[in-house]
Amino acid sequence: ATMPDDGVWFKQVYFHAVATETVTVPAGGRVDVPVALKWNGNDTPCAHALTLKLESDAGYLPKRRLTTDENGLGSFAIEALGLNPDDRIAVKINTEHYTAIGKVMVEVV
């Protein structure tokens, strides 16, 4: 493929991670969050298996890595330990070389 020479090639040829549904978790509970990789240029599925790094600003994230399957799909668990209804958990998704390729917001109910 030819790389665009416009200084923002990553917007066309790189990918991002998105939650595949709205996710809520009961206070003190646990939920699995489904994630999909999408191409930046046209938002179509990015069918690649790779390992992503996870960071959360609240709650408990038992695993800090997520490996997608060959279709670019995966999921991770998050627990709302010590949280109350109306709190939110932000989970940042990173690759080895790029940060914040995705952010998932989990609402505590």
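In this predicted model, Tyr14 comes out as buried, at 17% relative accessibility; that puts it under the 20% cut-off, which is why it gets the label. A search of the whole structure turns up 3 aromatic pairs, and Tyr14 has a part in one of them, with Tyr98 as its partner. The two rings sit 4.6 Å apart, centre to centre, with 55° between their planes, so this pair is tilted rather than stacked or edge-to-face. Tyr14 belongs to the loop between α1 (10-13) and β1, while Tyr98 belongs to the loop between β7 and β8 (102-108), so the pair links distant parts of the chain, 84 residues apart. Unlike buried Tyr14, Tyr98 is partly exposed, with a relative accessible area of 35%.

Another of the aromatic pairs brings together Phe15 and Trp39. Here the ring centres are 6.3 Å apart and the planes meet at 85°, so the arrangement is edge-to-face. Phe15 is part of strand β1 and Trp39 is part of strand β3, so this pair ties together parts that lie 24 residues apart in sequence. Phe15 counts as buried, at 11% relative accessibility, whereas Trp39 is partly exposed at 27%. Put the four rings together and they make one aromatic cluster: Tyr14, Phe15, Trp39 and Tyr98.

The strands that carry Phe15 and Trp39 also meet in a sheet. This sheet is open, has 3 strands in the order β1-β3-β6, and pairs them in the antiparallel sense. Its edges are β1 (15-19) and β6 (73-79), each of which pairs on one side only. From one strand to the next, the twist averages 30°. Between β1 and β3 (residues 30-39), which run antiparallel, there are 5 bridges; on β3, Ala36 is the bridge partner of Val18.

Strand β4 (residues 51-56) has pairings of its own. With β5 (residues 65-67), β4 pairs in the antiparallel sense over 3 bridges, and Leu52 has Leu66 of β5 as its bridge partner. With β7 (residues 88-94), β4 again pairs in the antiparallel sense, this time over 4 bridges. In that pairing, Glu55 is matched with Lys92 of β7.

Glu55 turns up again in the surroundings of Asn94, a residue of strand β7. Asn94 is buried, with a relative accessible area of just 4%. Its side chain makes a polar contact of 2.9 Å with the side chain of Glu55, and it also reaches the backbone nitrogen of Ala100 at 2.7 Å. Setting aside neighbours within four places in sequence, Asn94 is in contact with Leu52, Lys53, Glu55, Thr99, Ala100 and Ile101.

Ala100, on the receiving end of that 2.7 Å approach, has a backbone worth a look. Most residues other than glycine have a negative phi. Ala100 goes the other way, with a positive phi near 55°. Ala100 lies in the loop between β7 and β8, and it is partly exposed, with a relative accessible area of 48%. Asp43 is a similar case: although not a glycine, it has a positive phi of about 60°. Asp43 is placed in the loop between β3 and β4, and at 47% relative accessibility it, too, counts as partly exposed.

That leaves the nonpolar interior. The largest nonpolar core holds 26 residues, and those touching the most other members are Val33, Phe76, Ile78, Ile89, Ile93 and Val106. At least two residues of this core come from each of β1, β2 (23-25), β3, β4, β6, β7 and β8. The most generous contributor is β3, which gives 4 residues. Val33 makes a good illustration: leaving out residues up to four places away in sequence, it touches Val23, Gly74, Ser75, Phe76, Ile78, Val104 and Val106. Among these, Phe76, Ile78 and Val106 are also on the list of core residues that touch the most other members.

Definitions and conventions
Residues numbered from 1 in each chain as written. Predicted model: local features only at pLDDT ≥ 70, side-chain atom pairs only at ≥ 80, totals over all residues. Heavy atoms only, no water. Pairing = 2+ DSSP bridges. Axes fitted to C-alpha atoms, helices over the stretch in contact; angles between N-to-C directions. Buried < 20%, exposed > 50% of the residue type's maximum accessible area, 1.4 Å probe, protein only. Polar contact = N/O pair within 3.5 Å; in protein donor to acceptor, adjacent residues only side chain to side chain. Contact = heavy atoms within 4.5 Å. Phe/Tyr/Trp six-rings, centres within 6.5 Å; stacked < 30°, edge-to-face > 60°. Core = buried A, V, L, I, M, F, W, Y, C linked by side-chain atoms within 4.5 Å.
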